[in-house]
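Got the model loaded and the selection tool ready? Let's walk through it, one pick at a time.

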Amino acid sequence: MTTLTTRAPARTTPSQSPSRVRDKQWPAYVFMSPWLIGAGLLTLLPMAVSLYLSFTDYDLFDPPKWVGLRNYAEMLFEDPRYWRSVGTTMLYVVVAVPLKLALALGAAMLLKNLTRGRGFYRSAFYAPSLLGASMSIALVWRALFNDGGSVTDVLTWFGIDTGGWVGNPHLAVFAVVLLAVWQFGAPMVIFLAGLQQISPELYEAAALDGAGAWRQFVSVTVPMLSPVVFFNLVLEIIQSFQVFTPAFAISGGKGGPADSTMFYTLYLYERGFTASHMGYAAAMAWLLLIAIGVVTLILFRTSRSWVFYADEEGR
């Protein structure tokens, strides 16, 4: 006797129509609308206007006049002060960023092994990152490094007569550099979080192989911390290209002495709001954006050869 069994046909879910999909998506767009409106009105629209103004002669009072690439040509081939501002900014980036990251990493390694008072020291080291960007701190910094300031008096007591860093064309920019390095708290906190994620077993294995403290730092700490180093490096370089408040306060808004503190953004401010050449300033802003984008792209491209990710094979 043969028993016949019948199976119920498999249920198929019909594909949803595009109208039904849109009906389910509209609440998401409603919640995103404040951000979308803000991004459009406060970011994209001003960027578009700035791009248009970069091709015009605009003095904030008369209607802009289209001049094509004249602003860019004048900037690149006819304005020596522009290139001095580029050189000053590059010097600042090359000196300030490595010193700041090195100090932040050193402080993070000290705090990692600290058992008592870690919270206090972490807060104390982080505080300058909150205060250093203010105009008041920059003015205090100018008074410290000015002729007759505390730093000058201390150096004079040791037999080093600088005559005040702020008035010295060779030292003024380094006063701004030291102010940036003093604000090492933010990258320090990120380094500290990265150090705490490194497994102690790696250090134990390296110690069993006879590796000393320096070899452990080079062979364990640096490779495992390389993603954090890369993250801090990108952020600090982008911020350094845009430095303005310390340069404005220390130089009195003029970039002196002898344009030694004429940073890129300070010169942009001078051309746009002091000389009323807003079209020229807009062109400078767009070249700065392009330069930051190129440097960031280079960092991402080169990171493949020195940034180590523990979850990737073949590294």
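**Stop one: an enclosed helix**

Start with helix α7, whose buried residues are covered by elements that include α3 (80-112), α5 (135-145) and α11 (245-251). Helices here are DSSP runs of H or I with at least four residues, strands are runs of E with at least two, and both are numbered from the N terminus.

A quick note before you click further: this is a predicted model, where local features need pLDDT of at least 70 and side-chain atom pairs count only at pLDDT 80 or more, while totals for chains, interfaces and linings use all residues. Residues are numbered from 1 along each chain as its sequence is written, and side-chain values use heavy atoms, with hydrogens and water left out.

Now select 172-182, which is α7: 8 of its 11 residues are buried, so the helix is largely enclosed by the rest of the structure. Buried means under 20% relative accessible area, exposed means over 50%, and partly exposed is in between (1.4 Å probe, protein chains only). Colour Ala172, Val173, Ala175, Val176, Val177, Leu179, Ala180 and Val181 to see the buried set.

Zoom in on Leu179 in α7. What does Leu179 touch, not counting residues up to four places away in sequence? Show Ile137, Ala138, Trp141 and Pro246; contact means heavy atoms within 4.5 Å. Leu179 has 0% relative accessibility, so it counts as buried. For a sense of scale, draw a C-alpha to C-alpha line from Leu179 to Trp214: they are 35 residues apart in sequence and 29 Å apart in space.

**Stop two: along α3**

Pick Leu103, which lies in helix α3. Leu103 is partly exposed, with a relative accessible area of 39%. Leaving out residues up to four places away in sequence, Leu103 touches Val181 and Phe184.

Slide to Ser85, also placed in helix α3. Is Ser85 buried or exposed? Ser85 is buried, at a relative accessible area of 0%. Beyond its neighbours within four places in sequence, Ser85 is in contact with Met262, Phe263, Tyr264 and Tyr267.

**Stop three: two crossing helices**

Select α2 (residues 70-77) and α13 (residues 278-302), which pack at about 70° with their axes 9 Å apart. Those axes are lines fitted to C-alpha atoms, for helices over the stretch in contact, and angles run from 0 to 180 degrees between N-to-C directions. The two helices are therefore roughly perpendicular to each other (65 to 115 degrees; under 35 is roughly parallel, over 145 roughly antiparallel, the rest oblique). Show sticks for the contact: Asn71, Tyr72, Glu74, Met75 and Leu76 from α2, against Gly279, Tyr280, Ala283, Met284, Trp286 and Leu287 from α13.

While Tyr280 is in view, add Arg271, which lies over the face of the Tyr280 ring at 3.9 Å from its centre. That label needs NZ of Lys or CZ of Arg within 6 Å of the ring centre and within 35 degrees of the ring normal.

**Stop four: rings**

How many aromatic pairs does a search of the whole structure find? It finds 19, where rings of Phe, Tyr and Trp (its six-membered ring) pair if their centres lie within 6.5 Å; planes under 30 degrees apart are stacked, over 60 edge-to-face, and the rest tilted. Try Phe230 and Trp306: their ring centres are 6.0 Å apart and their planes at 70°, so the pair is edge-to-face. Phe230 is in helix α10 (residues 213-241) and Trp306 in the segment after α13, so the pair ties together parts 76 residues apart in sequence. Phe230 is buried at 7% relative accessibility, whereas Trp306 is partly exposed at 34%.

Last pick: Tyr52, Phe55, Trp66 and Tyr72, a cluster linked by ring pairs.
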